[in-house]
Amino acid sequence: MVASPFPAYVDVVLPRRLHRPFTYTIPSELKGRVVIGRSVVVPFGSQDLQGLVIAVYHRLPPGAPEKGLKAIRSLGAASPDHLLTTDQIGLSHWVAERYAAPWGQCIKLVLPPVDREGRSQPRYVPTLQGLASPSPVDALGETERDLLARVRRRPKGIMATTLLKGDKPRTTLALEALLQKGLVVRCDEPVAPRTLSSAQQQGRPPGGALPIEPLGMLDSLGLPPPEAMPWPALLERTLAKETFTPILVHGNHTTTRWCLAQAAQATIRRGRRVLILTGDVENACRLAGSLASAGERPMLLHSGLSTKARAAVWKAAQDGSAMILIGTRMAVFAPLERLGLVWVEGEDDASLKEEQVPRYHAREVAHYRASRERAVLVLASNHPSLESLLAVQEGRMTACVYRDPGQAPNVQVIDMKDYARESSGGTVLSPSLREGIREALRQNALSILYLNRKGFASVLHCGDCGAMPQCDACSVALTFFRRGNHVRCHYCGRTKPVPEHCPRCQSLKLEPVGSGTERVEEAVRRMFPQARVARVDGETIRRPVDARAFNRLLAAGELDVVIGTQMLFRLGLQGRAAFVALPDADAGLHVPDFRSAERMYHALRDAADLARPGCAGGRLLIQTRFADHHAIMALVSGDEDVFVKQEQAFRQMLQYPPWTCLIRLDVSGTLEPLVAQAAGRWATLLRAQVAGKEKVNRGASTDASLVSESVGQRLVSNQVVVLGPSPAPHAMARGRYCWQILVKSSSLDAGKEIAVRTREELERGSRRGGLRYDIDVDPVSMA
């Protein structure tokens, strides 16, 4: 018997929370048409699912049963342009392995945007007979005539979901009649996405995205002459090697943009392509503006674009017409070949980490892609993460540092413990802060107040029993908004009217406690009635048009005082203010997170960048209750090493990243007792696994070794520490209770192995109460 030249078996990944592919047979009518990267429809349980072929075999693959294999039903609806390459499939598999995520959900990351938006659903198109008029229509009923008229008006077809809206039973019968009479036909091929115009490619895409705004030629940025900067020489040497090389560029946004333009142009001259990642849309547009000013034609890829625009950019990346692609974390999966440079702007930005499954970090995915493509990887930041700084110290990364102390503002620290609240009129505006605003007003200069809390007050507090109204679905105190006269949960967004009395004791003494941007704005308007004040937060800047309106007012000199949250750092305000103040600089220190001090220091640095240099009269005022904190002392002294050395010592002593690998395990469900019980069982299974490993490695094990930590040095080889379980910092969110377990390990594989193995055992058990077991590798937040 002659063997068939075509494969007979395939492995298919399905879009479910499943961690392995499934083997199917290829029916005779489809042999020769099923290839790797093709979508197929397969039976799975009682339903048919569309999956992706990730391997083909001529013989039965190892591990597959000899009998009982099901056959592929049909090919999926996809155009040839949407076939995934082996590199894309490999990237999705690496993400699944690296972050212990279901492969089926990781596959979605590398699919073209049109597929993710479900645009491949069937359409109904009129036939030539259906377009003829009027004879075919005469024998139709009223519903059939109306339906045919709708289809005629859309020659490219109407989606099934759109066509069947309304009276679905009657419409379905009418549609079947039109199909039988040959007046319409079902089409499974998606509509080809419209390509972007040249204007759209240069930054005015549809969908309400922010435009690229040219920022002026980079030669006029006031940088030192190229011969005084080591970057060009380092860049040329690195690109010439054509090997994977990680570099840390440590400098302010002006310097990093200059370095980026140099690197992008040098890479393109060598015939290779550039991928640039950043944490937010606004910064992506500004980076594109910098490169456009340097004569390049970057393309943007981010969530602010419409589906059609994203699909067109994705296709441009795929066919090689996009030489420079700039985007948010989704862009790290764009199908760019011949990568020569991968640039991560603001590598410490928490927005680069996806908080939903699969919980990948775009910086680490960029590292993987650059290493595979033998490209240069550049991590750029004004305040690098401790992970990147340690990599430089250990020789795993080259550093290029541009720090100019002369650009820093004059810093003043106000210890809030030194004076009573009453002296400042019941607000967080100290006399020194008020005087700073007053002096800036006299100079017709801009003042900026940074406070990373929206609303009027953090909570409403009962003066009798101390209770605080909480969200019904989350264990979170509700934020008070005076202007809208409501309270809102900042986790799930639920809003309700301000309660008239305490929910616990019925007292009427509910008082706002803590200050948000709304409260500070009210205080500034009351103290400086002549000042023109604006507030920048999620309540006032909801759409790109709001950001543009704010920038127009600022450019026209129509604003005197701006009060805002972290959104201030995204609007290009660096170096514009004569006076910058932080009314409550250490608010973030109260968060139960080992990274809280690092985030505080980064916020202080970002706030300092908003001010003019000290030589130009720029001032930064910090109000704090912890004036001796190492983050504040580092900023005052202008020596970043003061913060880095102290924070590294704390992390090393307590064995937190980057001195150990950390995995957070979440158990959530709708019934708290079951969640607590499941978390306890997971911790027990983990400790049993650790005990077994240590018994093999050392021949003995003690309970103390399971939870003790090596202080002052790294965990020893293959050592794993299990902490918990305990309720999450917010024990209930969106109606689900959550408990956490922390797994520290000397190597990522050691901790991940036992986490995955024990989760598989738990998932085979009962799911009563909606139990869900999640793994977050390298978490950036403990909430």
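How many salt bridges does a search of the whole structure find? The count comes to 42 salt bridges. Keep in mind that you're looking at a predicted model. Let's take a few of these pairs, and then visit a helix called H14.

**Three salt bridges**

| Pair | Closest N to O |
|---|---|
| Glu 347 and Arg 363 | 2.9 Å |
| Arg 438 and Glu 435 | 3.0 Å |
| Glu 647 and Arg 651 | 3.3 Å |

Start with the pair Glu 347 and Arg 363, whose closest N and O atoms sit 2.9 Å apart. This salt bridge links distant parts of the chain, with the two residues 16 residues apart. Glu 347 belongs to the loop between strand S13 (339–345) and helix H13 (362–373), while Arg 363 is in helix H13 itself. Are these two buried or exposed? Both Glu 347 and Arg 363 are buried.

Now hop over to helix H15 (residues 431–442), home to Arg 438 and Glu 435. These two are three residues apart in the helix, so about one helical turn separates them. Buried means under 20% relative accessible area and exposed means over 50%, with partly exposed in between. Arg 438 has 34% relative accessibility, so it counts as partly exposed. Glu 435 is also given a relative accessible area of 34%, and therefore it is partly exposed too.

The pair in helix H20 has its own story. Glu 647 and Arg 651 are four residues apart there, which means that about one helical turn lies between them. Glu 647 is at 4% relative accessibility, so it counts as buried. Arg 651 has a relative accessible area of 3%, so it is buried as well. Salt bridges can also share partners: Arg 483, Glu 521, Arg 525, Arg 535 and Asp 537 are joined that way into one network.

**A look at helix H14**

Why is helix H14 (residues 386–393) described as largely enclosed by the rest of the structure? The reason is that six of its eight residues are buried. If you want to find them, look for Leu 386, Glu 387, Ser 388, Leu 389, Leu 390 and Ala 391.

What do the buried residues of H14 pack against? They have two strands and two helices as neighbours: strand S9 (245–250), strand S14 (376–381), helix H18 (596–609) and helix H20 (640–654). You've already met helix H20, since Glu 647 and Arg 651 are in that helix.

Finally, follow the chain to the spot just after H14. Gly 395 is found there, and this glycine takes a positive phi of about 80°.

Notes: Residues numbered from 1 in each chain as written. Predicted model: local features only at pLDDT ≥ 70, side-chain atom pairs only at ≥ 80, totals over all residues. Heavy atoms only, no water. Buried < 20%, exposed > 50% of the residue type's maximum accessible area, 1.4 Å probe, protein only. Contact = heavy atoms within 4.5 Å. Salt bridge = Lys/Arg side-chain N within 4 Å of Asp/Glu carboxyl O.
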